[in-house]
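Colleague: Got a minute to go through this one with me? I'd like to talk helix packing and then charges.

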Amino acid sequence: MPAPDVHDVEVERLFDASGPLGQAVGGFRPRQSQTEMAKSIAQAIAEQKTLIAEAGTGTGKTFAYLVPALLWGGKVIVSTGTKNLQDQLYLRDIPTVRKALNAPVSVALLKGRANYVCHFHLERTLQNGRLTSRDDVGYLREISRFMKTTMSGDKAELSKVPETALIWNLVTSTRDTCLGAECQYYQDCFVMKARKEAQQADVVVVNHHLFFADVALKDTGVAELLPSANTIIFDEAHQLPETATLFFGDTVSTSQVLELCRDVLAEGLSQARDGADWATVVLPVERAARDLRLAFPQDVVRLAVNQIALSSTFFPGLNKLKEELQAMIATLEALAERAETLEQCRVRAIELAAKLAGWNATRDAKASNQDAEQERVQWVEAFSSSLQLHQTPLSIAPIFSKQREGVARAWIFTSATLAVKSDFNHYTSQMGLFNEPAKTWSSPFDYEQQGLLYVPNNLPQPNSFEYTDAVIDAALPVIEAAGGRTFLLCTTIRAVNRAAERLREEFEKRKLLFPLMVQGEAGRTELLDRFRAAGNAVLIGSQSFWEGVDVRGEALSLVIIDKLPFSPPDDPVLAARIDALEKKGLNGFVHHQLPETIINLKQGAGRLIRDETDRGVLMICDPRLISKPYGKRIWQSLPPFKRTRELRTVKAFFGKESEDMPI
């Protein structure tokens, strides 16, 4: 392999205006930051080292990692934040770079099994017809037609059936319901085909959920890829701590128990009707699962196990569910050999029982558990019709470090938001990436000329009852001045709903003809398409619109953030992490909450300026940005916009470009 300095020369040539990218990619312009980033990645690949790479918006980080990866990366796994980004990389970015470089690499796309139609479950659903709505009947017809022509079985190819349609649950498999090599359709299985293609490809595109589900469950096909991978690249790497925490933890829910009961009843009646009174077998388990949910009368609740009251019915209810589940397992043990599907139900029941057994059934066991299980926090989460029992690691650093041991390979972590004022400590300590090189390449955008940061005067404290109304009152004149073209990013769904209600009223009262789009009224992609097409719309969204959204040009000229995105203080995992930090003599707020908030806020702020020609105002309504000592650290981590607290300055910004901005 050539020495790194040879790579430097080659990278310079490739990213030059007269190089292959300049000739093949429309609108390509050399950017020094992009070229330097590509050199650093090429060096990390050559030396099989780790690199943490923060690249400001507009750097062009995708090409900066794809060029060295496709030329020198060997077997490469690229992991992205979402399935949408995964599709974009696979369908657009990689083919563009591969063609420009004339690189002879094969590429595969690998998603989780829930994305591929399952021949077996489709056939069963067509036969038993247990459909609950007219829509499902039409959707099932579309899926059946799709199966006759598709090569991949990937549901993303079938736009006629919404991704959220419930019918997908009936025509895809899960780890629990896949028959594996016993299945009559095994040779045609789309999941197996996708995994086989990934095994043989030079570059495999996955997403973070898939990558970490594999590490935890060994069920995604990534396990077979990892041993031979030379280079692993995480794009949108700021999402990794949360995703990894999700998969390195353990969750069991009453919904899983009820689904199991439904399948046991169906398979029992179909395969061993004479073997047991199946309704009597499953009914006590169903009742115990529903009673456990009713231990918490509230609609939504999140509680650490040590916050559950001594008098709660939760602990006896959990014991009851364990007992009833064991009784159902005994029946399945006796009859499982009659059919493969019954054996599968038995295995699922045993796995659920094992997860429930990991939970402490009494207050005493729970108290003594604190010492034995210091590194995990147990907590419950109640939804309207289900209860989830979680065990979450306090830190993923030791687990992830262990995963990275062994075979030498390059690990690249890249995102626009990994550091707090060029300090990577928070991220590296979360991920266990101690003493690894970290670099920042700043954005090529001229933020001082292109944007304005506006913090309005006289807003109440964010915890006050009337806060969202005050935000809307302050936002309305700015929205008018911007001619719509606004994202209003909220930190809670409740704020989204209240803001939508108020803006509808105000737009009608003031005869403002800005189309209003609200998260939840349609899918994210559809809302964004409508927003771009309208050109003067106002879109209100919560967390899913804070990142991974790219609206260039005049359609988006104002981003309003209602309040600083601190995690809710009653979050059980956050509380446990802060407690652990404070036991080490660290300040939980300074060392955990504040950096998390800054990284999240940088993502939201990053929606505004997406191009060299974009102009706009970032309006942050939270008075703590000015009044609290930590406020300065927050705004200093944002792009270096000019700053103002005056509404007239904002209006002037939208009115004429040459207005002098007070700082």
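Modeller: Sure, we'll take a helix pair and then some salt bridges, bearing in mind that this is a predicted model.

Colleague: Okay, helices. At what angle do the axes of α13 and α16 cross?

Modeller: Roughly 155°, and the axes come within 10 Å. Here α13 covers residues 254-271 and α16 covers residues 340-357.

Colleague: Are those two roughly parallel or antiparallel, and why?

Modeller: Roughly antiparallel, because the crossing angle of roughly 155° is over the 145 degrees where that label starts.

Colleague: And is the crossing left-handed or right-handed?

Modeller: Left-handed, as α13 passes α16.

Colleague: Which residues make the contact?

Modeller: On the α13 side there are Q256, V257, E259, L260, D263, V264, E267, G268 and Q271. From α16 come T341, L342, C345, R348, A349 and L352.

Colleague: How do the residues of that contact divide into nonpolar, polar and charged?

Modeller: You get 7 nonpolar, 4 polar and 4 charged.

Colleague: Switching to charges. How many salt bridges does a search of the whole structure find?

Modeller: It finds 40. One of them pairs E612 with R29, with the closest N and O atoms 3.2 Å apart.

Colleague: Where do E612 and R29 sit in the chain?

Modeller: In distant parts, 583 residues apart. E612 is in the loop between α25 (588-605) and β17 (616-620), while R29 is in the loop between α2 (20-24) and α3 (32-47).

Colleague: What's the relative accessible area of E612, and of R29?

Modeller: E612 has 34%, so that residue is partly exposed. R29 is partly exposed as well, with 46%.

Colleague: How about K583, which residue does that one form a salt bridge with?

Modeller: D579, and the closest N and O atoms are 3.3 Å apart. Both lie in helix α24 (residues 572-583), 4 residues apart, which is about one turn of the helix.

Colleague: Is K583 exposed or buried?

Modeller: K583 counts as exposed, at 64% relative accessibility. Its partner D579 is partly exposed, with a relative accessible area of 39%.

Colleague: Which residues do salt bridges that share partners join into one network?

Modeller: That network takes in D469, D473, E480, R498, E501, R502, E506, K509 and R510.

Colleague: Last one: how far apart are the closest N and O atoms of K49 and E47?

Modeller: They're 3.8 Å apart, and the pair forms a salt bridge. K49 counts as partly exposed at 45% relative accessibility, and E47 also counts as partly exposed, at 35%.

Conventions:
Residues numbered from 1 in each chain as written. Predicted model: local features only at pLDDT ≥ 70, side-chain atom pairs only at ≥ 80, totals over all residues. Heavy atoms only, no water. Axes fitted to C-alpha atoms, helices over the stretch in contact; angles between N-to-C directions. Left-handed = near helix turned anticlockwise from the far one by under 90°. Contact = heavy atoms within 4.5 Å. Nonpolar A, V, L, I, M, F, W, Y, C, P; charged D, E, K, R; others polar. Salt bridge = Lys/Arg side-chain N within 4 Å of Asp/Glu carboxyl O. Buried < 20%, exposed > 50% of the residue type's maximum accessible area, 1.4 Å probe, protein only.
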